[in-house]
Amino acid sequence: MDLQRKRVIVIGGGISGVALCHFLLKKGAFVTLADSKSLDQLGEEIPLLVEQGLQLLLENALPQQVDWQLAFKSPGVPPGIPLLQMLKDSGVPVLGELELAFLFSSSPFAAVTGTNGKTTTTALLGYILSRAGMDPLVGGNIGKALIDLVEDHSGLVVAEVSSFQLEDIKSFRPHLALFLNLAPDHLDRHGDMAAYLAAKQRIFLNQDQEDFAVINYDDPALRPLAKQINSQILWFSRRENPGQGAWLDNGQINLSFKGQEINIMSACDIYMKGEHNLENALAAAAGALVLGVKPAIIASGLRDFPGVEHRMEIISNNKGILYVNDSKGTNPASTIRALESFDRPVILIAGGRNKGSEFKELMARAKEKARLLILLGECREELRQAALAEGNNNYQLAESFEAGVKLALTSARPGDVVLLSPACASWDMFKNYEERGNMFKSLVNDFITCART
């Protein structure tokens, strides 16, 4: 793609949008950034980019005429905003950052999607590939924007990709695509589960028989995809031998590919605990296998990988109380998985901005697993009503995140787990789930330190 002197507009000034602006300016394009915020509300990098020639269209302003040849949309920008409609009506191609990164990369891609477990599985697959000396680049919806990194990298790219990113692909073709699971999430954006699944399965859109797909055999929504995609399929399953892929049998992890089966390790030896992490491990193992990693190295990676920050992250085990940061648990299915990881009483801190989720199943499970619910954020009343509908009165409402965490900390007793797993987005109180998780860790550590003095 020749970008020299192209008139380009970038819509959305978040992490992806800023990275796009940097890249496009470097390539000699004439770039305009459009955003709903004012200049003062945007990041400190924007004025520096303006000095390099960046033009601005801010506070939802619309142009008098469309004069751009190409547009790039940040993943978080809703597809129905007026500016996007103007661009489409004028025939301007609209792409995403993932598509541009793919076009400018000379490396094969391994892409991971699904409702839950994307970050852990992406990081785990990258960890195993590193153990094998394959020098992977890990990015996408995790950490830095890919467009910042891919041009100077010659090894495999392991990318976490969201439904928002997949909506905007045209030619993106991962050599390996992993689809982990499907549960209700982002329905405020997609409208219903059918549209959500349709966006997710675009990960397979451009694959052919030279490529590979790794899919959850145990997920009834995903098994039918086998009839719709063109790549070679490997499955992963906790329940049965799917024929080719990775599966669990009598507590043992087994791999099968091209007619060869091998037992590699006991599931008990995986460093990360919980059934959801077992699924992540099976998916990563199947993916690593088709990329040529030896089974012994796969087993070594599964034994040693410690997990990722903000995903079931153990902060402390102090005086018999376990403190766990699962700030990345941003939908009910994820929080249910977190609750099911413990066989001891839980004080659950939940709430934030609802993404169109329904909380009935979560609150039914919380009634069984949680000794106390601390409900906070925009949808705390919605959560409270869902708890009451399940006959659960063991809750407290908090007016702020800090107040809710402190209430949880002072209510905990030996044998409890204090678990932040919000089942909601963080945007009502924080910039992102990382900021929320860091605040939780800080409050926990301060509380423990004060208790010692």
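Student: What makes the 6 strands in the order 15-16-20-17-18-19 an open sheet with edges?

Tutor: In this predicted model, the 6 strands follow the order 15-16-20-17-18-19, and the pairing is mixed. Strand 15 (313-318) and strand 19 (395-397) each have a single partner strand, so one side of each lacks a neighbour in the sheet, and they stand at the edges. Direction ignored, neighbouring strands here are turned by 15° against each other on average.

Student: How do you know that strand 18 and strand 19 pair?

Tutor: Pairing requires at least two bridges between two strands. Strand 18 (residues 370-375) and strand 19 have 3 bridges, in the parallel sense, so they meet the definition of a pair. In strand 19, leucine 397 is the bridge partner of leucine 375.

Student: Which helices pack on this sheet, and what do they touch?

Tutor: Helix 12 (residues 360-369) packs on the sheet and touches strand 17 (346-350) and strand 18, its direction making about 130° with that of strand 18. Helix 15 (residues 433-452) also packs there, touching strand 15, strand 16 (321-325), strand 17 and strand 20 (417-420). The direction of helix 15 makes about 10° with that of strand 15.

Student: Good, now to the 5 strands in the order 3-2-1-4-5. Why do strand 3 and strand 5 count as edges?

Tutor: These 5 strands form an open sheet with parallel pairing. Strand 3 (55-58) and strand 5 (94-96) each have a single partner strand, so one side of each has no neighbour in the sheet. From one strand to the next, the twist averages 25°.

Student: What makes strand 2 and strand 3 a pair?

Tutor: The two run parallel and are joined by 4 bridges; since at least two are needed, they qualify as a pair. Threonine 32 stands opposite glutamine 55 in strand 3.

Student: Where do helix 1 and helix 3 lie?

Tutor: Helix 1 (residues 15-26) lies across strand 1 (7-11), strand 2 and strand 4 (70-73), and runs at about 165° to strand 1. Helix 3 (residues 82-89) packs on the sheet, touching strand 1, strand 2, strand 3, strand 4 and strand 5, with its direction at about 150° to that of strand 1.

Student: Why is isoleucine 9 called buried?

Tutor: Isoleucine 9 lies in strand 1. Buried means under 20% relative accessible area, and isoleucine 9 has 0%, so it counts as buried. Leaving aside neighbours within four places in sequence, isoleucine 9 has contacts that include Thr32, Leu57, Trp68, Leu83 and Leu87. Leu70 is another of its contacts; isoleucine 9 and leucine 70 are 61 residues apart in sequence, yet 6.6 Å apart in space, C-alpha to C-alpha.

Student: And why is leucine 39 described as partly exposed?

Tutor: Its relative accessible area is 40%. Because buried means under 20% and exposed means over 50%, a value in between is called partly exposed. Leucine 39 sits in the loop between strand 2 (30-35) and helix 2 (45-51). Together with Val50 and Leu56, Leu39 makes a nonpolar surface patch of about 200 Å².

Student: How do you know that strand 11 is mostly covered?

Tutor: Of the 6 residues in strand 11 (residues 232-237), 5 are buried. Strand 11 pairs in the parallel sense with strand 10 (residues 212-216) over 5 bridges, and valine 214 stands opposite leucine 234. Strand 11 also pairs with strand 12 (residues 245-249), again in the parallel sense, over 3 bridges. In strand 12, glycine 245 is the bridge partner of tryptophan 235.

Key: Residues numbered from 1 in each chain as written. Predicted model: local features only at pLDDT ≥ 70, side-chain atom pairs only at ≥ 80, totals over all residues. Heavy atoms only, no water. Patch = residues over 30% accessible without salt bridge, like charges linked within 9 Å, V, L, I, M, F, W, Y side chains within 5 Å. Areas by Shrake-Rupley, 256 points an atom, 1.4 Å probe, with all protein chains shown as cover. Salt bridge = Lys/Arg side-chain N within 4 Å of Asp/Glu carboxyl O. Buried < 20%, exposed > 50% of the residue type's maximum accessible area, 1.4 Å probe, protein only. Axes fitted to C-alpha atoms, helices over the stretch in contact; angles between N-to-C directions. Contact = heavy atoms within 4.5 Å.
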